[in-house]
Every structure is written in structure tokens, then in C-alpha cells.
Amino acid sequence: FDGVDIARETPYQRARRGIGYVPQGREIFSRLTVEENLAMGLAYRPGSTKLPPELFELFPVLKQMLHRRGGDLSGGQQQQLAIARALAAGPRLLVLDEPTEGIQPSIIKDIGRVIRMLAETGLPIDGAPRRMAIVLVEQYYDFAEELADRYCVMERGEIVQQGRGANMAAEGARARMSI
């Protein structure tokens, strides 16, 4: 990342470099409130760092549920919380691992809209957009095809096909995918 091998770095070192990560299965803190979960995304920043209000523009439902425990949210709301937590510190790279897993279709559309906006304009913090790269790991082909600028198909840890997102269908990427 930025010319530095980060393979042996700890998660907090990677976060300090500007990498936000949303794990498969969300892994929010179920006993913490939404607000406390979001604050965890700022853990390496000074204690006085405020949550960016732009997070609530991206995911309005989170503002309504600030004092609710994370474990009391629906799966889709938990996913929005996990993404917002990763965005809280304003990363330059956002890695999303299967963000559609177990999510209802209407929330998938909302998440897709946010990812598209972030890819096109960046994350607006204090009125100034911060550009970011996004790596989306996804098995839901239609979601990936709709969002991809570039794609890679992996089998057993190796890239077996790659190209421009606009060419996924023509290049037969769907046929290479299995669940």
C-alpha cells in the first residue's frame, strides 16, 4: 500500500495508513451502542475527534438508532453500521468483504448506492470530498457487475480472470463464479 509491504502489519497499523475494512459477517460489537460502535472506527485518532456527520447522510437510519445496542439492529442495519464504522476515520482504501451476505434486497440497493457514490466522488468530510479506492469482494455477481470498474475472479487463491468491469458479461465472468 503506497509502495509499502503491509502483509505483516497489525490491523491498527493498516488503519493508520488509511485502510478501512468491513469484514464478512459485519463483526459489530453487539453490546455497544451504534454511537460506540462508530467511535471504534476512530480508535486510533485523538480522543476529541468527532464522528463525521456525513456518515448519517450516507446511512440516515444510524442517526435514529445512535443509542440502540448494535446487536438489536437488523442484519442490514448492522451492515450499514459496519460500513459507517470503517468510513469514520476517512480511509483512502475501503475493503468490503461480502457486504450483501444475508441482507434484504432493499438494503443491498442502499449499500450499492453508497458504494457507487464513494467510488465516484469520495467521502465528503467537512465539505471536502476525500477520494478513496474500493476493493469489493463479492459472490453476488449482479451486485459486483453493477459496481465494478475492474474485476478479478479468483479460484483457490489465484486470479484466473480479470478485466474491465464493463466487460464482465462479455468475458464470461459469471460462468467462472461458483458459490
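In this predicted model, helix α1 contributes the most to the lining of the second largest pocket, with four residues. That helix spans residues 11–17, and it is joined in the lining by strand β1 (19–22) and helix α5, each of the three supplying at least two residues. The second largest pocket holds about 690 Å³ of space. Its lining consists of 24 residues, and those closest to the centre are Pro11, Ala15, Ile19, Gly20 and Tyr21. Sorted by class, the lining of the second largest pocket comprises 14 nonpolar, four polar and six charged residues.

Helix α5 leads from this pocket to a pairing of helices. It covers residues 75–87, and its axis comes within 10 Å of that of helix α6, residues 105–121. How do the two helices lie relative to each other? Their axes cross at roughly 15 degrees, and angles under 35 degrees count as roughly parallel; α5 and α6 are therefore roughly parallel to each other. The crossing in which α5 passes α6 is left-handed.

Which residues make the contact between α5 and α6? From α5 come Gly76, Gln79, Gln80, Ile83 and Leu87, and these meet Ile107, Ile111 and Leu118 of α6. By class, the contact of α5 with α6 has five nonpolar and three polar residues, with no charged residues.

Helix α6 leads in turn to the largest pocket, whose lining takes at least two residues from this helix. At least two residues each are also supplied by β5 (133–137), α7 (141–147), β6 (150–155) and α8 (173–176). Among these elements, strand β6 provides the largest share of the lining, six residues.

The volume of the largest pocket is about 960 Å³. A total of 32 residues line it, and Leu136, Val137, Arg150, Tyr151 and Cys152 lie nearest its centre. The lining of the largest pocket divides by class into 19 nonpolar, three polar and ten charged residues.

Taken in sequence, helix α5 supplies residues to the lining of the second largest pocket and meets α6, while α6 supplies residues to the lining of the largest pocket.

Technical notes:
Residues are numbered from 1 along each chain as its sequence is written. This is a predicted model: local features need pLDDT of at least 70, side-chain atom pairs count only at pLDDT 80 or more; totals for chains, interfaces and linings use all residues. Side-chain values use heavy atoms; hydrogens and water are left out. Axes are lines fitted to C-alpha atoms, for helices over the stretch in contact, and angles run from 0 to 180 degrees between N-to-C directions. Angles under 35 degrees count as roughly parallel, over 145 as roughly antiparallel, 65 to 115 as roughly perpendicular and the rest as oblique. A crossing is left-handed if the near helix is turned anticlockwise from the far one by less than a right angle, and right-handed if clockwise. Contact means heavy atoms within 4.5 Å. Ala, Val, Leu, Ile, Met, Phe, Trp, Tyr, Cys and Pro count as nonpolar, Asp, Glu, Lys and Arg as charged, and the others, Gly among them, as polar. On a 1 Å grid over the protein atoms alone, a cavity is a set of points where a 1.4 Å probe fits but cannot get out, and a pocket is an open set with protein on both sides within 12 Å along at least five of seven lines; lining residues have an atom within 4 Å of a point. Grid points are joined across faces, edges and corners, and a volume is the space filled by probe spheres set on the points.
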